[in-house]
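Here are a few exercises to work through with the model open beside you. Try each one by eye before you read the solution.

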Amino acid sequence: MNSTDTLPICIAGNWRQGQGDRYASLYPATGEAVAWLRAASLTDVEEAISGADHAFRTSGWAQRKPHERAAVLHRVAQLIREQAEYLAQRQRLDNGKPISETRALVASAAGTFQFFAAACETMEDTITPMRGDNLTMSVYEPMGVVAAITPWNSPIASEAQKMAPALAAGNAVVVKPAEVTPLMALELARICDEAGVPKGLISVLPGKGSVIGDAITLHPLVRRVSFTGGTATGKHIAHIAADKMMPVSLELGGKSPTMVFEDADLAHAVAGVLYGIFSSSGESCIAGSRLFVARGIYDVFIERLAAGAAALRVGDPADERTQLGPLITPRHRDSIESYVAMGVADGGRIRTGGSRPQGALYERGNYYSPTLIEGLSNRQRICQEEIFGPVLVAMPFDDEQDLIEQANDSVYALAAGIWTRDYKKAWRFGRAVQAGNVWINTYKQLSISTPFGGWRDSGLGREKGRLGILQYMEQKSMYWGLNEQPLPWAS
Ligand code: NAD
């Protein structure tokens, strides 16, 4: 598919090969190598972080006026847009998402740089009310070297969501992309170079999380880690952070409930539930993977949902009409298959899917059919653990109090969906459901201007929104003495 040359990686602005193992990014639709590279080594990590620290202290980036940093970030956004089709095709190969989806992710990455350019340029420090002969103010400073650790499911968008605010705030950023999807972080670093981000401020260190990610997190010069990934990894990072007294933000897993009431607009609800679980092949932290439907409409709704799921187009990610591409790796598909087998062993009935699609197109890729299972209860493992694939578990409900208790009965609390025409009920359930993000009569709509994050095992802290930049800054209070006489105590 591509040359067997080894790609350089970015170590504090120096583009050279990593010193770790050589490996390939594989196209999930065929298993072919898209690009070869060498992972970073521990020596590379040290060089990247000390180089980043040096660049932070000497490049003058942090001291530039906010509108000057913003101008560079606008240029990054512009370059992403100019190279959008190349980037979208590259991401399709790296990760196997359908091309329509990778185009949207590239556009969102450009929008993220534009947004944080504006956030940086318009951010205000505050003068606080005086309570003595002091002018008091609260200002923000960049932290120094910050780390961005990202998963494989939405590259470029995930990386932009961390790199843009971190750079806007004046920091140096060390990016650790998922081992299996290293290419988009490298592309973003190249674009940042072209746009005029000072050399050394960005590093991209592909490699194993347990080795490279750990070394980055433990490094004393790393002042913050912004992590997106699984809950177990997030907890491990939180432990290290506690020892270092280092702030972290953690965007973790989910098992999000969707509730469909008897008075819902069924056409909207069916389309929304299908999109909520099966888009991105279910490899989405906010996938609506637990479905609760009012008993009175349960049979009709499930009938329509199963027909809709069976009609979804699973296939070649390069085809503009494809809705579900392959899963990221054969191993991940194995894990999804074992969850489905567990659901069946526990008494679940498969209404549609539950197998690999058949045909020549599917032979080499990690494909799995959209799957709908019923007949299980919310306490069963398949309803409690994150599957991270195209598997939806549906359950009827009778009673509203019981519904909210079941919806909230999860260690996760990332997102929730509510489908009803009754605005008072929407308000009641919207407030009662425990989740960082709630969609009412829609699902999986996201905006860079709206904060995003989870509760409980779904995470800590918020990304996005105007205040997202503050994650990458330290707050400082300043007191300016205005007293005409020396302080009285010693006088
Ligand atoms: P993962 O936790 O295995 O890996 C995420 C990143 O962490 C990768 O770069 C990995 O190499 C690195 N990593 C692994 N071990 C590490 C360690 N010991 N120290 C430091 N870094 C380490 O997750 P994944 O399988 O890549 O992604 C899927 C998970 O991500 C799912 O649980 C999903 O819900 C979650 N996710 C959450 C959000 C969100 O915003 N809440 C968004 C996307 C994905």
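We're working with a predicted model here, so keep that in mind throughout.

**Exercise 1. Which residues are linked to Arg90 in a network of salt bridges?**

Solution. Start at Arg90 and look for charged side chains. The network takes in Glu187, Arg190 and Glu194 along with Arg90. Now zoom out to the whole model: it holds 25 salt bridges.

**Exercise 2. Find the salt-bridge partner of Arg16 and work out whether each of the two side chains belongs to a buried or an exposed residue.**

Solution.
- Step one: the side chain of Arg16 meets that of Asp44, with an N to O distance of 2.9 Å.
- Step two: place them. Arg16 sits in strand S3 (residues 14-16) and Asp44 in helix H1 (residues 42-58), so this pair, 28 residues apart, links distant parts of the chain.
- Step three: check accessibility. Arg16 has a relative accessible area of 23%, which means partly exposed, as the buried class stops under 20%. Asp44 comes in at 0%, so it's buried.

**Exercise 3. Now do the same for Arg295: what does its side chain meet in a salt bridge?**

Solution.
- Step one: the partner is Asp398, at 2.8 Å from N to O.
- Step two: Arg295 belongs to helix H10 (residues 295-310), while Asp398 lies in the loop between S17 and H13, 103 residues apart.
- Step three: Arg295 has a relative accessible area of 46% and is partly exposed. Asp398 reaches 58%, so it counts as exposed, the threshold being over 50%.

**Exercise 4. Describe the salt bridge between Arg356 and Asp334.**

Solution.
- Step one: the N to O distance is 4.0 Å.
- Step two: Arg356 is in the loop between strand S15 (349-352) and strand S16 (371-374), and Asp334 is in helix H11 (residues 330-345); they are 22 residues apart.
- Step three: Arg356, at 34% relative accessible area, is partly exposed, and Asp334, at 42%, is partly exposed too.

**Exercise 5. Which residues of helix H13 are buried, and what do they pack against?**

Solution.
- Step one: go through residues 400-407. The buried ones are Leu403, Ile404, Gln406 and Ala407.
- Step two: look down the axis. These residues cover an arc of only 160 degrees, so they fall on the same side of H13.
- Step three: see what they face. The buried residues pack against strands S13 (257-260), S14 (290-294) and S17 (391-397), plus helix H14 (423-432).
- Step four: check the N-terminal end. Asp399 caps it, with a side-chain oxygen 3.2 Å from the backbone nitrogen of Gln401.

**Exercise 6. What is the strand order in the open sheet of 3 strands?**

Solution.
- Step one: trace the sheet as S1-S5-S4; its pairing is mixed.
- Step two: find the edges. S1 (6-7) and S4 (22-26) each have a single partner strand, so one side of each lacks a neighbour in the sheet.
- Step three: take the S4 and S5 pair. They run antiparallel, joined by 5 bridges, and Ala24 stands opposite Trp36 in S5.

**Exercise 7. Which of the 27 residues around the ligand come nearest?**

Solution. The nearest are Thr150, Lys176, Thr233, Leu252 and Glu386. Next, go for polar contacts. A side-chain N or O of Glu386 is 2.5 Å from a ligand oxygen, and a polar backbone atom of Leu252 is 2.7 Å from a ligand nitrogen. Asp214 also puts a polar side-chain atom 3.2 Å from a nitrogen of the ligand.

Methods
Residues are numbered from 1 along each chain as its sequence is written. This is a predicted model: local features need pLDDT of at least 70, side-chain atom pairs count only at pLDDT 80 or more; totals for chains, interfaces and linings use all residues. Side-chain values use heavy atoms; hydrogens and water are left out. Buried means under 20% relative accessible area, exposed over 50%, partly exposed in between (1.4 Å probe, protein chains only). Helices (H or I, at least four residues) and strands (E, at least two) are DSSP runs, numbered from the N terminus. The arc is that of the directions from the helix axis to the C-beta atoms. Contact means heavy atoms within 4.5 Å. A polar contact is a pair of N or O atoms within 3.5 Å; within protein, one must be able to donate a hydrogen and the other to accept it, and residues adjacent in sequence count only if both atoms are side-chain atoms. Two strands pair if DSSP finds at least two bridges between them. A residue is near a molecule or strand if one of its heavy atoms lies within 4 Å of it.
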